[in-house]
Amino acid sequence: MSLSTVRDDLARRAPDLELIVTEASTATVQLAAEVHGVEPGQIAKTLCIRVKDEEFLLVTRGDARLDNAKSKAAFGGRPRMLGAEDVLRLTSHEVGGVCPFGLPAPLPIYLDASLKIYDLVIPAGGDTHASVKLGLARLAELCGNQWVDACQLPENAG
């Protein structure tokens, strides 16, 4: 079960972090922002992407969108979002709970520069009712600290 793999991963690599399980769903950026009382940008969504033959994760702010031109420059090819079956295969997480923790095998993980506006971010926790609150620096440390500029912010984002 994905929730347990995230719990085990955090216990091993980041025992100071708490996996927050809520009654209310956190399956979308908007729902997660409401549950945690933060703006949507602070929700760190994890995208599963393929460029050519490489599959990887991109963690970005919740209100950002993948930008084709920036992504092509950052990753050396046109990005393609993976479908639900590939997401599950790659991460062991169902869509709505995808996060960079508890993965079945090592994967490249990139962090989008759009996150840098926040000190505290909230990625999912491997389930549609689970999240993890952590500092951006800690997220970067746990994900390999590989930064890219691949996303576009909404017009009203500051």
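**Close-up 1. What covers helix H1 in this predicted model.** Strand E1 (19-21) and strand E8 (130-132) are among the elements that cover the buried residues of H1. Those buried residues are Ser2, Leu3, Val6, Asp9 and Leu10. Look down the axis of H1 and they fall within an arc of 130°, so they line one face of the helix. Turn to the other side of H1 and you find Asp8, Ala11 and Arg12, which are exposed.

**Close-up 2. Helix H1 from end to end.** H1 takes in residues 2-13, so 12 residues in total. At 1.5 Å a residue the helix should span 16 Å, and its end C-alpha atoms are indeed 16 Å apart, so the two figures agree.

**Close-up 3. The largest nonpolar core.** This one has 31 residues. The residues with the most contacts inside it are Leu10, Phe101, Leu115, Val121, Leu134 and Leu139. Leu10 we have already met as one of the buried residues of H1. Who supplies the core? At least two residues each come from H1, strand E2 (43-51), strand E3 (54-61), helix H4 (84-91), strand E6 (109-112), E8 and helix H5 (136-143). H5 gives the most, with five residues.

**Close-up 4. The surroundings of Val121.** Leave out residues up to four places away in sequence, and Val121 touches Gln42, Ala44, Leu115, Val132, Lys133, Leu134, Leu136 and Leu139. Among these partners, Leu115, Leu134 and Leu139 are also on the list of residues with the most contacts inside the largest nonpolar core. Apart from that core lies another, of 11 residues, including Ile49, Tyr110, Val148 and Ala150.

**Close-up 5. Strand E6 and its neighbours.** Ile109 and Leu111 point one way from E6, while Tyr110 and Asp112 point the other way, and all are buried. E6 pairs with E3 in the parallel sense, over three bridges. It is Leu111 in E6 that is the bridge partner of Val59. Strand E10 (residues 147-148) also runs parallel to E6, and two bridges join them. Here Leu111 turns up again, with Trp147 in E10 as its bridge partner.

**Close-up 6. Phe56 meets Tyr110.** The structure holds three aromatic pairs, and Phe56 with Tyr110 is an edge-to-face one. The ring centres are 5.2 Å apart, with 85° between the planes. Phe56 lies in strand E3 and Tyr110 in strand E6, so the pair ties together parts that are 54 residues apart in sequence. Are these two residues buried or exposed? Both are buried. Bring in Phe75 as well, and Phe56, Phe75 and Tyr110 form one aromatic cluster.

**Close-up 7. The buried face of helix H4.** Which residues of H4 are buried? They are Val87, Leu90 and Thr91. Seen down the axis of H4, they fall within an arc of 75°, so they line one face of the helix. What they pack against is E2 and E3. Just after H4 comes Ser92, which takes a positive phi of about 70°.

How values were computed
Residues numbered from 1 in each chain as written. Predicted model: local features only at pLDDT ≥ 70, side-chain atom pairs only at ≥ 80, totals over all residues. Heavy atoms only, no water. Helix = DSSP H or I, 4+ residues; strand = E, 2+ residues; numbered from the N terminus. Expected span 1.5 Å × (residues − 1). Buried < 20%, exposed > 50% of the residue type's maximum accessible area, 1.4 Å probe, protein only. Arc of directions from axis to C-beta. Contact = heavy atoms within 4.5 Å. Core = buried A, V, L, I, M, F, W, Y, C linked by side-chain atoms within 4.5 Å. Pairing = 2+ DSSP bridges. Phe/Tyr/Trp six-rings, centres within 6.5 Å; stacked < 30°, edge-to-face > 60°.
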